[in-house]
Amino acid sequence: MILERIVVGAYGANCFILADENEPDKPAMVVDPGGEAERIYKKLMDEGITCQMIVLTHGHGDHIGGVEKLKKLTGAKVLIHHEDEVMLKDAAINLTAAMNGPKVAFAADRTIGEGDKLTIGKISIDILHTPGHTRGGICLHIPAEKLLISGDTLFYGSIGRTDFPGGDYKALINAIQTKLMKLDDETVVYPGHGASTTIGYERRKNPFIQG
């Protein structure tokens, strides 16, 4: 499996390329292309990776700013949780209207939800609905690799903000406790911003989880 992190945009969002290098054309998904689509596309081309889908952990502007351009470059389908689908269509709701940069408004090709599975080559990815940062926030769990892409749900030593429209602190803590803290301690967490961590570390050290 290939996992590449590219930090993009003014807000330093983590964009991830997840690919199966053992399959022809190295099929892949790109998670949260928040900007710099040409740079992401160049990385794909340089490594011979074929982007089949663009998966969004939630609908905030710093995670979706490069989607339209990357979709044009790759032809990939755009997926988001059904609760956040409306955010993509409205620059005020996805916050790009208030950011320094272009306003973003487009439609998803498909919605996903709790319990859905996505496949890239022979890699199976479970969708975990983790509302709280947004209503439709998700994490991507790859059990076989003990790997979690957590979006803005869980960070190294912290959690996502809940003061934006659609945010809910209690819902976020509940999602983390009931879904993420059930994963193995060795599960490596790749968040939407900042450094990676593990479930075990966050279980022991994260002050929000400790209460």
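The paragraphs below lead through a predicted model, beginning with its nonpolar cores and ending with several buried polar residues and their surroundings.

A convenient place to begin is the largest nonpolar core, which has 25 residues and in which Ile17, Val30, Ile40, Ile54, Leu56 and Phe106 touch the most other members. The elements that give two or more residues to this core are the strands β1 (2–8), β2 (13–19), β3 (27–31), β4 (50–55) and β5 (77–81), together with the helices α1 (37–46) and α3 (67–74). Apart from this core lies another, of 18 residues, among them Ile112, Ile138, Leu140 and Ile142. Returning to Phe106, and setting aside residues up to four places away in sequence, one finds that Phe106 touches Leu56, Ile64, Val67, Glu68, Val78, Leu88 and Lys89.

Helix α1 shows how one element is placed against its surroundings. Its buried residues include Ala37, Ile40 and Leu44, and because these cover an arc of only 65° around the axis, they are put on the same side of α1. What covers the buried residues of α1 includes the strands β1, β2, β3 and β4 as well as the helix α3. After α1 comes Gly48, whose phi is positive, near 65°.

Strand β5 can be followed next, since it takes part in two pairings. Four of the five residues of β5 are buried, and the strand is thus mostly covered. With β4, strand β5 pairs in the parallel sense over three bridges, and within this pairing Met53 has Lys77 of β5 as its bridge partner. Strand β5 also pairs in the parallel sense with β6 (residues 110–112), again over three bridges, and here the bridge partner of Ile80 is Thr111 in β6.

Elsewhere in the chain there is an open sheet of six strands, with mixed pairing and the order β7-β8-β9-β10-β13-β14. Its edge strands, each of which pairs on one side only, are β7 (117–120) and β14 (197–198). Within this order, strand β10 (residues 147–151) and strand β13 (residues 188–191) run parallel and are joined by four bridges, and Leu147 has Val188 of β13 as its bridge partner.

The loop between β8 (123–129) and β9 (138–142) holds His133, which counts as buried at 5% relative accessibility. The side chain of His133 is joined to that of His60 by a polar contact of 3.0 Å, and the side chain of His133 makes a further polar contact, at 3.3 Å, with the side chain of Asp152. When residues up to four places away in sequence are not counted, the residues that His133 touches are His58, His60, Asp152, Gly160, Arg161, Phe164, Gly166, Gly167 and Leu172.

Leu172, one of the residues touched by His133, belongs to helix α5, in which Leu172, Ile173, Ala175, Ile176 and Leu180 are buried. Seen down the axis of α5, the buried residues fall within an arc of 160°, so they line one face of the helix. This helix, residues 169–180, has twelve residues and reaches 16 Å from its first C-alpha to its last, close to the 16 Å expected at 1.5 Å a residue. At the start of α5, a side-chain oxygen of Asp168 comes to within 3.2 Å of the backbone nitrogen of Lys170.

Several residues of α5 are met again in the surroundings of Ile159, a residue of strand β12 (residues 158–159). Ile159 counts as buried at 8% relative accessibility, and, not counting residues up to four places away in sequence, Ile159 touches Thr153, Leu154, Tyr169, Leu172, Ile173, Ile176, Asn206 and Phe208.

Asn206 has its place in the loop between α6 (199–205) and α7 (207–210). With a relative accessible area of 0%, Asn206 is buried, and its side chain has backbone atoms close by on two sides of the sequence: a polar atom of that side chain lies 3.1 Å from the backbone oxygen of Ser158, and a polar atom of the side chain lies 3.0 Å from the backbone nitrogen of Phe208. Leaving aside neighbours within four places in sequence, Asn206 is in contact with Leu154, Phe155, Gly157, Ser158, Ile159 and Tyr201.

Technical notes:
Residues are numbered from 1 along each chain as its sequence is written. This is a predicted model: local features need pLDDT of at least 70, side-chain atom pairs count only at pLDDT 80 or more; totals for chains, interfaces and linings use all residues. Side-chain values use heavy atoms; hydrogens and water are left out. A nonpolar core is a set of buried Ala, Val, Leu, Ile, Met, Phe, Trp, Tyr and Cys residues joined through side-chain atoms within 4.5 Å. Buried means under 20% relative accessible area, exposed over 50%, partly exposed in between (1.4 Å probe, protein chains only). Contact means heavy atoms within 4.5 Å. A polar contact is a pair of N or O atoms within 3.5 Å; within protein, one must be able to donate a hydrogen and the other to accept it, and residues adjacent in sequence count only if both atoms are side-chain atoms. The expected span of a helix is 1.5 Å times one less than its number of residues. The arc is that of the directions from the helix axis to the C-beta atoms. Two strands pair if DSSP finds at least two bridges between them.
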